[in-house]
Every structure is written in structure tokens, then in C-alpha cells.
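This report examines one protein model, first along a single helix and then through the spaces enclosed or bordered by its atoms. The sequence and structure are shown below.

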Amino acid sequence: MRLTDNNDVRENNIRLVLDIIREAGAISRVDIAHATQLSRSTITNIVNELLPTGLVRETGTVNSIVGRRPILLEFDYGARAVLGVDMGATHLTVAATNLGGQVLAIRHEDYPVAADPGGSINRIVALLAEVQALAGYSRERVLGIGIGVPAPLEGDRLDRLSPIILPQWVGIDLKRELEAATQHSIFLDNDANVGALAEKWWGHGRNVPNFAFIKLGTGVGCGLIIDGSVYRGAGGTAGEIGHSSIDPNGPVCRCGLNGCLEALTGAPAIIEAVECHLAAGRQSQLAGAFTVAEVAAAARAGDPVATEVITTAGRYLGIAIANLLNLVNPGLIVLWGGITDASEMLLTQLRQTVRERSFSKSTAEAIITTSRLGEDAIAIGAATLVIQQTLRSPEPSILEVIMGNGRR
């Protein structure tokens, strides 16, 4: 972190102390001073500033050979709520969590997000108010709002949704509109990136410095964690694995290219593949309207159509992941989305294809698995984005945020 004046140093020290307390579970002021190499008087001053915020509290004492018994400090994960939004192309999930990523309240709603920007924003605002009330936190005790969006972010501040993926959202400043409507700081990122963040803080990636989180939904995206941080690339579009070419003669993708992974394994492609088999007269337990999760469940039950479709999707995913392993060499690949309900059937075909197409050392070093965070991983990741940006990043001012003045 670049430090330019005394305020920067103070902010950095506060974040450092807060993070050490959070990670330690319970720790004394003396041990914080040893861990940070800051003076005891500096630690005392910082702790005295943090105690009134409620984020840190005193909790008992520890035995000491000489002198007074040191008082222990601990992080209070319930001191603030965080709101997270999974803004999918066809759904909204809005969650309130505590500072430990535990869901306190959540709402799910099908909504044509890609086609209706104005209505989507109105529904997000309404759902945010609902989950905040259900969680039982006042506005002043909400740290901020994170949004996972189903498109790459563009612009100098990465605050605009890609018009290629979401053409109806051209000219819509989602961040500004939501900040005006909620009077909270809004933190935006691509949905696969916030999924990767959730996996880093609360899931399989906690002790893995380099891994990939692949989101399989209407769209297909990839959040990359490199050296412990989300990697966005030069223009913010790193990880768009869904638009890597798998079959140059394949179907046209919504991005305009041919044979993209998304056009072959995204939810609409899975549904269409099953419908084609049914139209050809093949027997299947699937009929009428069905979801990708239901296709996955049918495959687990031995349905021949569902099995073929899931296996084919696993092969396409294996090609893309083999390329990813060869290029980036992550130690872990985490898959998330309705199609992963097929679990071992999907993974078996995927892993076989990876072994056939990737450098053997990359394959041997990588674990490929499914997320354990459940269907709400993106909403939890969006909330985690707020926690990360507020407690660890240099902007906004941490004391302004935690004292309840979190607008940037």
C-alpha cells in the first residue's frame, strides 16, 4: 500500500490491527504490538478508537507471569450487517450477512434482469430493504452493499456493465442509481469474481493462493485468484472463459462469436440440447418446462437424455479447463451452478478430458471440485466484497464507514 501522509499511515494501521484481531480470535494488546511491530501506545490509541464502533470488544483476561493480567480483544462478527446482491441475467438473490459471511436473511426472485434495467433496480432496492429488516439491523449498522453483475465491467472505474453482454443496460449507471436510492456505499464486481472471493474467504480456497472459480449459469464466467487476490487483467475482463472458443463451427454466442463455451454449456444451451433430443422422439423423464438443476438430477437418476447432455457439457468444460490449466496453472478449480448437481457424472467426464488435453504436470497439481457454498454463493461473495473493500482496502476511510458514515 502506498502511504502518502499521516492519515494514510493511521488508516493502514487501523486496518492492520483490525485484521489481526479478526484472524486471531482473541488476542491481547501486547501480542498485537508484537505482531505489528507498532508501539504499545499506538496500539492502545487504535483500540480505543475501535472499541466504540462495536467491531472490537474486550473479552476476559489471560494469565500473566508478572504484572496485570492482559485483557483479551476479539472481533464481533455481528456488529454490522452486510448486504449482497446476486444480479443474474434472469434472477435476483439478495442476502444480508454478518461479518463472518453467515446469511441472516435472504430472498430469491425470478426476474428478467437482462431485459429490464429500470424494473431490476426497483426490485433490488425493495429486496434490500426487505432483507435488512428481516435481519434486524438499522441502516446505520449496515456496512455497505455489494453487487455481483452478470457481465464484465467497463470504464475507468470499472463501474459500467458491458453493452455487448447486456445491451439493454447501455447508459445505466447502476452504482450511482443504487447509491442514490439506498444512501449506502455500493461495491460492484463481476459475478464470477465475487464468487471467487466467497470461495477465498469461506470455501475451498481459504488456504489456496492461486485458483479459479467457474460459474455455470445462464452465462459462464471465471473468477481468478492470483497470489491471493482477484485478478482482473488490463481492462477488467480477465476470466471470461465463457467466451473462449471451443468449436469454431459451433453455435453463435450472444457475444457474437462462434462456438464459445457459454454457447455450448450455458443454461440455455443445456435446455436446448435436451429439447432437441425430446423433439427427435427420445424417451426421457424430462418434459414441459425444466431447469438445468432438474436436468442434472435426471442424469443422476440415470435418464439417458440427461446423461448424454451432461456428459457432453463435461467434455466441453474439460477442454476449456485444460486450456486454463496450461495457461495459468491454478492449484484448484471450483465449479458452481445448477449443472454441478450432476456432481460425479459431470466431474468424471470433465477430468478425463482435462487429462487428455492438458500438460500432465498442471493436471497433477490441480484439484477440480464443486463449491460447497450452495446456491447463494454469489450473493455471499457480493457481501464479502464489501467486507474486503471496507476492512482491507485504502478507500473509503475505515473509521467513516464503521462509524456509520460509509458513503464515499
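On helix 2, the exposed residues H34 and A35 sit on the face turned away from the buried side of the helix. The model is a predicted one. Helix 2 spans residues 29-36, and its buried residues are I32, A33 and T36. Viewed down the helix axis, these buried residues fall within an arc of 100°, so they line one face of helix 2. An α-helix has 3.6 residues a turn, so residues three or four places apart point the same way. Just after helix 2, Q37 adopts a positive phi of about 65°.

**Pockets and cavities**

The table sets out the volume and the lining, by residue class, of three of the spaces.

| Space | Volume | Nonpolar residues | Polar residues | Charged residues |
|---|---|---|---|---|
| Largest pocket | About 1,100 Å³ | 17 residues | 20 residues | 10 residues |
| Second largest pocket | About 450 Å³ | 13 residues | 4 residues | 4 residues |
| Second largest cavity | About 30 Å³ | 2 residues | 3 residues | 2 residues |

The lining of the largest pocket comprises 47 residues, and H91, L216, G217, T218 and G338 lie nearest the centre of this pocket. Both strands and helices contribute to this lining: strand 5 (91-97), strand 6 (103-110), strand 11 (211-216), strand 12 (220-226) and strand 14 (332-337) each supply at least two residues, as do helix 7 (261-265), helix 8 (267-279) and helix 9 (292-300). Helix 8 provides the largest share of the lining of the largest pocket, with 4 residues.

The second largest pocket has a volume of about 450 Å³. A263, L264, A269, I270 and E272 are the closest to its centre among the 21 residues that line this pocket. Helix 7, helix 8 and helix 10 (304-328) each give at least two residues to the lining of the second largest pocket. Helix 8 again leads, here with 7 residues. Helix 8 thus gives the largest share to the lining of the largest pocket and the most to that of the second largest pocket.

Which residues line the second largest cavity? L153, L158, D189, N190, N193, R232 and G236 form its lining. The structure holds 2 cavities of 30 Å³ or more, and the second largest has a volume of about 30 Å³. By class, the lining of the second largest cavity divides into 2 nonpolar, 3 polar and 2 charged residues.

Terms used. Residues are numbered from 1 along each chain as its sequence is written. This is a predicted model: local features need pLDDT of at least 70, side-chain atom pairs count only at pLDDT 80 or more; totals for chains, interfaces and linings use all residues. Side-chain values use heavy atoms; hydrogens and water are left out. On a 1 Å grid over the protein atoms alone, a cavity is a set of points where a 1.4 Å probe fits but cannot get out, and a pocket is an open set with protein on both sides within 12 Å along at least five of seven lines; lining residues have an atom within 4 Å of a point. Grid points are joined across faces, edges and corners, and a volume is the space filled by probe spheres set on the points. Ala, Val, Leu, Ile, Met, Phe, Trp, Tyr, Cys and Pro count as nonpolar, Asp, Glu, Lys and Arg as charged, and the others, Gly among them, as polar. Buried means under 20% relative accessible area, exposed over 50%, partly exposed in between (1.4 Å probe, protein chains only). The arc is that of the directions from the helix axis to the C-beta atoms.
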